[in-house]
Amino acid sequence: MTQYHVTGMSCAACSARVEKAVSGVEGVTSCAVSLLTNSMGVEGTATPEAVIAAVTAAGYGASLKSDTDKKAAPAADALADTETPKLRRRLLISVILLLMLMYVSMGHTMLHLPLPDFFGGNPAAVGLTELLLSAAVLVVSQRFFVSGFRGVLHRAPNMDTLVAMGSGVSFIWSCVQLYRITGLTASGDTAQASHLLHELYFESAAMILTLITVGKMLEARAKGKTTDALKGLMSLSPKTALILENGTEREVPVTEIRRGTLFAVRPGMIFPADGTVQSGSGAVDESALTGESIPVDKAPGDRVRAGTRNQSGYLVCEATETGDDTTLSQIIRMVGDAAATKAPIAKTADRVAGIFVPAVIGIALVTAAVWLLLGQRFGYALARGVSVLVISCPCALGLATPVAIMVGSGVGAKNGILFKTAASLEETGRCSIIALDKTGTMTAGTPQITDILPAEGVPEAALLAAAASAEQYSEHPLASAVMEYAAERGISPDAVTDFAAETGSGVRALRNGTELRGGSVSAMAGQMPDTLKRAAAALAEAGKTPLCFSEGGRILGLLAAADTLRPDSQAAIRRLHELGLKTVMLTGDNPRTAEAIGRTAGVDRVMAGLLPGGKEEAVRTLAKEGKVLMIGDGINDAPALTRADVGIAVGGGTEIAADAADVVLMRSTLTDAVNAVRLSRQTLRNIRQNLFWAFCYNIVGIPLAAGVLVPFGLTLPPMFGAAAMSLSSFLVVSNALRLNFFRTEMPAEAAGTLHQSTQNQKGTVDQMTITTIMEIKGMMCPHCEAHVRKALEAVAGVTVREVSHEKNRAVLESAAAPDEAALCKAVTDAGYEVLSVTR
């Protein structure tokens, strides 16, 4: 897609006009114009010159984004709210002039306020003063007239056209009446001249422009807040970094870091680039990128990301990705791209916006004509027509979808959920079937020892020592699982000789001259007692892989290994069911193993024995039953992720899977897939609310302004119509900002994470720390956070790690299980409500 900057757009009618003009260029296959970001994406073979010419012919400006612009994440300056200060200055001047105008035109008649003596008996002087003050407001607000009449000249009227026509017609009619007043005053008929002052609409012309400016300023301010999440991500990038040269630290601008550069990060500093830890250890807060509040321990060889914060320890890292190639920059770019695309739900509003302004102008003309035919005076008919012009608001239609998409995608990015396009944000919530890859998505992706069954008379430690000794030189994944399990229990392998790995049989080695063997049950079945054979069969039935070990021909026992479910998989699948979704597990495993894992996970259906092409075919089959959302992490999932209506790649997956997916989860947790569905549905609900308001406002407001309720004594003056119009867009944008209150659900593993504290003054210890998460309702501000923190710190035995009113939770740590009743009482006594306590 080729990206362009577009200038001169002021409302949805403008973006619809640009989109229509560019879509008509030969070679253009698709075009999406964003009023919110003033950008345009074009696909096809059309040349940039032809596209720019079409935009120019439509009355707007366009320029091709440079390759650097396209690659780089949006600059913070590009998102800065420069419009609100300008509108504020215009509004201030307009209000001062309008107050003076209202005093002259209405103050003395309605409020009986005194006028200067030279106005006495001189209605022409009153009219001329109103003319001058009104003209000054028109000059201050000339942007409406320039933009509006440029649109007319290019046969593309917009919202500014409606405002300019409403205000301009009122001003011109008032000038005509002022000529009559001047003539009557000159002839001495001051009574009739004074009566004609009521036919002047100078204050309406000025009031319309001032109220529209109020609305524009509120709208601009609210629109500026829609990019708060994006600007928050941009603020994570530090300006300087500490690089190491010959072992000496030197502070340099972050732009000087290159791949291979060694940089140091002290506690409290933000990582300036993606890299790998070369020396040192510490805890890193990655919540800005992943949404995970618990710090992640880092040691040599571990990856670090730009934008994350070092909380403890001194780390020396080697840069692997810098500048626009870092994970942070890619996230920022992805959020910007999502905002620049168009959601399918916006198409109806775009079609309406394209014909809206000409239709409103026609309705205004018909309204004025009808009232004239009904015998009303020209001034009354004019007021009804002007009311129709100024109450109509195509902007609310045009902003209904993009502001919600911008806020929704920004909130997702802040919580580690990246929607690549507006369509993916919309479609995620529409899916009814969730297809889940097993390995690496539902499971950890690596085998772990789950059971140990020693033979009669054999201690567990002896079995483990023999297994570790036999497997220590094997490169098989199951051998790694055995070694890890033994290490966790403090068992070290003995020295062995003559190690050999035999394909299909297992491993063998000599320990103190005695042969150790380890392998599959089928390879060693002849030596196994019946009790262990039955146990091995039961383990296999449960989807596990039994490993048998012997020494000197004597069976020592069994170890069972399995690719275990992630800690949060069962809870996440249960939540998907609560959301009304059907879950299907796709795997290449044999049906018996797959069914066992499927039962444990709680999925509705299992499709086993699938090759990569088979997963794609399975998604194609599921698509006949409804929209399919596929979740995967590996290269073999890429075809299925592409085939599905929406593909989600989990964070620990491959780059190929991430490229094929529509949504990327920064964390390897299914709970974030639940959060993605919830956020999509909430965004969709918000868009529907915005569209409902935008359509209903115009459907009700235009007839009301035209005077359909006049028989019942209800009329709508032009200035009230302008006030209503100025608030309509503001309300749409403000409603979209409510998405910022979206709260993600926490993975089950985060609620029960156990930490090991590593150092005390006498040496190294392995002390387990219990993390407790309290979901708390009622916190509204940092003051509330401090109140809750103080209450919890009074409970003995707990350390308060985090209290957040934004996440509505508190994170506590303790050496033993805390007294939940005491915690709940402390929070309740402080005036807040405890929703849940999890460990």
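In this predicted model, L425 sits within helix α18, which covers residues 422-428. The residue has a relative accessibility of 0% and therefore counts as buried, the cut-off for that class being under 20%. A useful reference point for L425 is G412: the two are separated by 13 residues in sequence, and their C-alpha atoms lie 9.5 Å apart in space.

Helix packing can be followed around α8, which spans residues 159-186. Two packed helices are described by the angle between their axes and the distance between the axes. For α7 (residues 142-153) and α8, the angle is about 115° and the axes are 7 Å apart. These two helices are therefore roughly perpendicular to each other, since the range for that class runs from 65 to 115 degrees. The crossing of α7 past α8 is left-handed.

Helix α6, made of residues 123-140, also packs with α8, here at an angle of about 160° and with 9 Å between the axes. An angle over 145 degrees counts as roughly antiparallel, so this description applies to α6 and α8. As α6 passes α8, the crossing is again left-handed.

Turning to the surface, V708, L709, F712 and L714 together make a nonpolar patch of about 400 Å². One of these residues, L709, belongs to the loop that links α29 (671-706) with α30 (718-737). With a relative accessible area of 30%, L709 is classed as partly exposed, because that class lies between the limits of 20% for buried and 50% for exposed.

Note on methods. Residues are numbered from 1 along each chain as its sequence is written. This is a predicted model: local features need pLDDT of at least 70, side-chain atom pairs count only at pLDDT 80 or more; totals for chains, interfaces and linings use all residues. Side-chain values use heavy atoms; hydrogens and water are left out. Patches are made of residues with over 30% relative accessible area and no salt bridge: like charges are joined within 9 Å, nonpolar side chains (Val, Leu, Ile, Met, Phe, Trp, Tyr) within 5 Å. Accessible areas come from the Shrake-Rupley method with a 1.4 Å probe; for residues, only the protein chains shown count as cover. A salt bridge is a side-chain nitrogen of Lys or Arg within 4 Å of a carboxyl oxygen of Asp or Glu. Helices (H or I, at least four residues) and strands (E, at least two) are DSSP runs, numbered from the N terminus. Buried means under 20% relative accessible area, exposed over 50%, partly exposed in between (1.4 Å probe, protein chains only). Axes are lines fitted to C-alpha atoms, for helices over the stretch in contact, and angles run from 0 to 180 degrees between N-to-C directions. Angles under 35 degrees count as roughly parallel, over 145 as roughly antiparallel, 65 to 115 as roughly perpendicular and the rest as oblique. A crossing is left-handed if the near helix is turned anticlockwise from the far one by less than a right angle, and right-handed if clockwise.
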